[in-house]
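Visitor: I am new to this structure and should like to understand the terms used for it. Please take me through the reasoning step by step.

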Amino acid sequence: MKKHSLSIILITKNEADRVESCLSSVAEIADEIIVLDSGSTDDTVAICQKYTNNITVTDWPGFGKQKQRALDKATCDWVLSIDADEALDDEMKQAIVDLLSQESIEATSYRLPWGVTLYGTTLKYGRSARAVLRLFLREGSRYTLDEVHETVIPAEGSTGKLAGLLLHYTHRDYGHGLDKAAQYAWLGSQKYARKGKKSKGLALALLRGLWTFFHIYFIRRGFLDGSVGFIVAMTYAQVNFNKYVGLWLIEQKRS
């Protein structure tokens, strides 16, 4: 039996085709599920209502601010932040239950191994082969307020790692992947501009893109994920190149 309560926080917009898989994977272990929707025009909200009444339809201030809003609504001891395109596998669900059934928990946050699945392949190498910090003690934790690639800053203490996988179905198809990559690159450009980061020119933008590909495909052995590993490495390289090109163009406009 769990001795510590768990809040699930989720932000959504037009996720009707996959949000049910997400919510059904956490429903059994959650003490509360909190959804912030930023104006879905499909059945996302109706599907979420099958799992929780704690749904707020609001504006879109950016990823970091939206996740902080969701965290502010949480009331349980621990928080699991999950995205609509993710789901816990059975091993991960059991690992969380086992953790929350302990009398005392030593760490204040936990990383969950990411099972990024693209085009029918669950990636085991490259940048996708990492564990993301998603489970954390509510008290004392907060999000960075970045437009994209926000991170949670947990309460002071150690960080552990759980068994199992946080499955991540990041792209619906290749077209969706292209749209998402373009959006993240431009948001990254704006984030860097706001923080005063400099592009240092287009030549360096190209070098950054080439280095990203080399790092993911060779150093982090993305080539072992086959053709999908190549596509992923190229996508990350393009995103990094586009991000710094966008930053350079912002600088040109300001000068």
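Visitor: Which residues line the largest cavity?

Guide: In this predicted model, the lining of the largest cavity consists of L123, Y125, G126, R127, S128, I216, G222, D225, G229, V232 and A233. Helix α7 gives the largest share of that lining, three residues.

Visitor: What makes a space in the protein a cavity?

Guide: A 1.4 Å probe must fit there but be unable to get out. The structure holds one such cavity of 30 Å³ or more, and the volume of the largest cavity is about 30 Å³.

Visitor: How is the lining of the largest cavity divided by class?

Guide: Five of its residues are nonpolar, four polar and two charged. R127 and D225 belong to the lining, and they count as charged because Arg and Asp are in that class.

Visitor: How do you know that the span of helix α5 is close to the expected one?

Guide: Helix α5, residues 174-194, has 21 residues. The expected span is 1.5 Å times one less than that number, therefore 30 Å, and the helix reaches 30 Å from its first C-alpha to its last.

Visitor: Why are residues of α5 such as H176 and Y192 called buried?

Guide: H176 and Y192, among others in α5, are called buried because their relative accessible area is under 20%. What covers the buried residues of α5 includes α3, β12 and α7.

Visitor: What makes the approach of D173 to G175 a polar contact?

Guide: At the start of α5, a side-chain oxygen of D173 comes to within 3.2 Å of the backbone nitrogen of G175. The cut-off for such N or O pairs is 3.5 Å, so the pair meets the distance condition.

Methods. Residues are numbered from 1 along each chain as its sequence is written. This is a predicted model: local features need pLDDT of at least 70, side-chain atom pairs count only at pLDDT 80 or more; totals for chains, interfaces and linings use all residues. Side-chain values use heavy atoms; hydrogens and water are left out. Helices (H or I, at least four residues) and strands (E, at least two) are DSSP runs, numbered from the N terminus. Buried means under 20% relative accessible area, exposed over 50%, partly exposed in between (1.4 Å probe, protein chains only). Contact means heavy atoms within 4.5 Å. A polar contact is a pair of N or O atoms within 3.5 Å; within protein, one must be able to donate a hydrogen and the other to accept it, and residues adjacent in sequence count only if both atoms are side-chain atoms. On a 1 Å grid over the protein atoms alone, a cavity is a set of points where a 1.4 Å probe fits but cannot get out, and a pocket is an open set with protein on both sides within 12 Å along at least five of seven lines; lining residues have an atom within 4 Å of a point. Grid points are joined across faces, edges and corners, and a volume is the space filled by probe spheres set on the points.
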